[in-house]
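Me: I'm new to this structure and would like a close look at just one part of it. Could you walk me through that spot and then show me how the rest fits around it?

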Amino acid sequence: QVQLVESGGGLVQAGGSVRLSCVASGRTFSYTRMDWFRMAWFRQAPGKERDFVAAISGSGGSTAYVNSVKGRFTISRDNARLTVYLQMSSLKPEDTAIYFCAAARSASTTVEVGGTFDIWGQGTQVTVSS
């Protein structure tokens, strides 16, 4: 059984920062296999579709971001802790959304914007007040 659990969301003022975490668990993930998976963050604002935010390769050497978050958000991972992070800074009200963690098995050492992911977490709400 594979599970991704997000945490770290909440209410933050515009201009503030928050760090999201995503912990992987289950037989598929282990500290020896975590780097087999590329990981990503998506978000879904009220009444809108789920959109790509950022992705990171298995080793962490390659990252990709949607233009709207470049320079403000940073994706990182700690494979030994089975955890992926999204550090969000200079937050804007339009960043308000449910943020989802996603994973996909991949042999590639690079990631690009978007892509297909087949393992999903339940999401964590981030609300940015103006």
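Take R72: does its relative accessibility make R72 count as buried or exposed?

Reply: Before anything else, keep in mind that this is a predicted model. R72 counts as buried, because its relative accessibility is 11% and the cut-off for buried is under 20%.

So who keeps R72 company? Its salt-bridge partner is D95, and the closest N and O atoms of the two are 2.8 Å apart. R72 sits in the loop between β6 (63–65) and β7, while D95 is in the loop between β8 and β9, so this pair ties together parts that are 23 residues apart in sequence. D95 is buried too, because its relative accessibility is 1%.

D95 has another partner as well. Its side chain meets that of R43 in a salt bridge, at 2.9 Å from N to O. R43 belongs to strand β4 and D95 to the loop between β8 and β9, so here the parts being tied together are 52 residues apart in sequence. Like D95, R43 is buried.

A search of the whole structure turns up three salt bridges, and one of them joins R81 and D78, with 3.2 Å between the closest N and O atoms. R81 counts as exposed because its relative accessibility is 58%, and D78 counts as partly exposed because it has 24%. As for R43, R72 and D95, salt bridges with shared partners make them one network. In general, side chains of opposite charge can pair when their charged atoms come close.

Now follow the chain from D95 into strand β9 (residues 97–105). This strand is mostly covered, with seven of its nine residues buried. Strand β4 (residues 37–44), where R43 lies, runs antiparallel to β9 and is joined to it by eight bridges; in that pairing F37 faces R105. β9 also pairs with strand β11 (residues 124–129), again antiparallel, over three bridges, and there I98 stands opposite Q125. Strand β10 (residues 119–120) is antiparallel to β9 too, through two bridges, with A103 across from I119.

One residue of β9 worth clicking on is Y99. Its contacts beyond four places in sequence include R43, W41, L86, M88 and V126. Y99 is also among the residues with the most contacts inside the largest nonpolar core, which has 30 residues; L4, M39, W41, L86 and M88 are listed along with it. The elements that give two or more residues to this core include β4, β9 and β11, as well as β7 (73–78) and β8 (83–88). Apart from it lies another core of nine residues, F52, A55, A102 and V111 among them.

Finally, zoom out. The chain has 11 strands and zero helices. Its radius of gyration is 14 Å, close to the 14 Å that the globule rule gives for 130 residues, so the chain is as compact as a globular protein of that length. Its C-alpha atoms fill a box of roughly 45 × 25 × 25 Å along the principal axes. Of the 130 residues, 45% count as buried, R72 being one of them. And of the contacts between residues at least 6 apart in sequence, 62% join residues at least 24 apart.

Key. Residues are numbered from 1 along each chain as its sequence is written. This is a predicted model: local features need pLDDT of at least 70, side-chain atom pairs count only at pLDDT 80 or more; totals for chains, interfaces and linings use all residues. Side-chain values use heavy atoms; hydrogens and water are left out. Buried means under 20% relative accessible area, exposed over 50%, partly exposed in between (1.4 Å probe, protein chains only). Helices (H or I, at least four residues) and strands (E, at least two) are DSSP runs, numbered from the N terminus. Two strands pair if DSSP finds at least two bridges between them. A nonpolar core is a set of buried Ala, Val, Leu, Ile, Met, Phe, Trp, Tyr and Cys residues joined through side-chain atoms within 4.5 Å. Contact means heavy atoms within 4.5 Å. The radius of gyration is taken over C-alpha atoms; the globule rule is 2.2 Å times the number of residues to the power 0.38. A salt bridge is a side-chain nitrogen of Lys or Arg within 4 Å of a carboxyl oxygen of Asp or Glu.
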